[in-house]
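Me: I would like to go through this model with you by question and answer, looking at how its interior is put together.

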Amino acid sequence: HEELQRLGNMVEQILSLSLEHKKDFKLKYEKVNLNELLDKIIEQQTIKSPKPFHVRQEFMPDGIILEADRTHLYNILSNILDNAIKYSGDNPQIRIEAEERDCSVIIRITDNGIGIEEEHLTHIFDKFYRISNSKQPPVKGYGIGLFYVRTMIQKHNGTIRVESQPGKGSCFIITLPQTNER
């Protein structure tokens, strides 16, 4: 059932990408418990991942609630966590930190992966952009995941940026407003 739901969410991502240019595209805001949402995402990733991984979560405060489109927020965080696992060798160690600050929620997802060279950092959110690396085995994908992530974060009036060094992993930093000012 959950796998069918995940596939449905992927279809939703693709449809959302096609709708992004329509002026009447609207997110469905609701109160979302970030801790519970991330627990579901981690559980789903545990089932589908071909390799074991470890996630450490740190939240300040313990329970963070924000107004967001649950489906798209799920897809955003799932995509970043999925990439963290795929690009982190045999022993992925992932840290997810979230905090409330100045009416915003800041989420940091840090991995111990292969990292991203500086020349690619400005392009990784571009549609269909893929980094080819002859030193690493190819990873499946079409280069729309991070484009979708950035697009939906912007629709939420948020921002995303990445800090990364080759061989030392990456940290994706998402800032979202805690409440939706309609």
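The turns below deal with the core, a helix pair and the cysteines of this predicted model.

Me: Which helix gives the largest share of the largest nonpolar core?
Reply: The largest nonpolar core holds 42 residues, and those touching the most other members are Leu 34, Leu 77, Ile 94, Ile 107, Phe 172 and Ile 174. With 8 residues, the largest share of this core comes from helix α3.

Me: Which residue in α5 that meets α3 is also touched by Phe 172?
Reply: The α5 side of the contact with α3 consists of Gly 145, Leu 146, Tyr 148, Val 149, Met 152 and Ile 153. Leaving aside residues up to four places away in sequence, Phe 172 touches Ile 80 and Ile 107, among others, and its list also includes Leu 146.

Me: How many charged residues are in the contact of α3 with α5?
Reply: The two helices pack with their axes 9 Å apart, at an angle of about 140 degrees, and α3 passes α5 in a left-handed crossing. The residues of this contact comprise 7 nonpolar and 5 polar ones, while the number of charged residues is none.

Me: Is Cys 171 buried or exposed?
Reply: Searching the whole structure gives 0 disulfides. Cys 103 counts as exposed because its relative accessibility is 66%, which lies over the 50% cut-off. The relative accessible area of Cys 171 is 11%, under the 20% limit, and therefore Cys 171 is buried.

Notes. Residues numbered from 1 in each chain as written. Predicted model: local features only at pLDDT ≥ 70, side-chain atom pairs only at ≥ 80, totals over all residues. Heavy atoms only, no water. Core = buried A, V, L, I, M, F, W, Y, C linked by side-chain atoms within 4.5 Å. Buried < 20%, exposed > 50% of the residue type's maximum accessible area, 1.4 Å probe, protein only. Helix = DSSP H or I, 4+ residues; strand = E, 2+ residues; numbered from the N terminus. Contact = heavy atoms within 4.5 Å. Axes fitted to C-alpha atoms, helices over the stretch in contact; angles between N-to-C directions. Left-handed = near helix turned anticlockwise from the far one by under 90°. Nonpolar A, V, L, I, M, F, W, Y, C, P; charged D, E, K, R; others polar. Disulfide = S-S within 2.5 Å.
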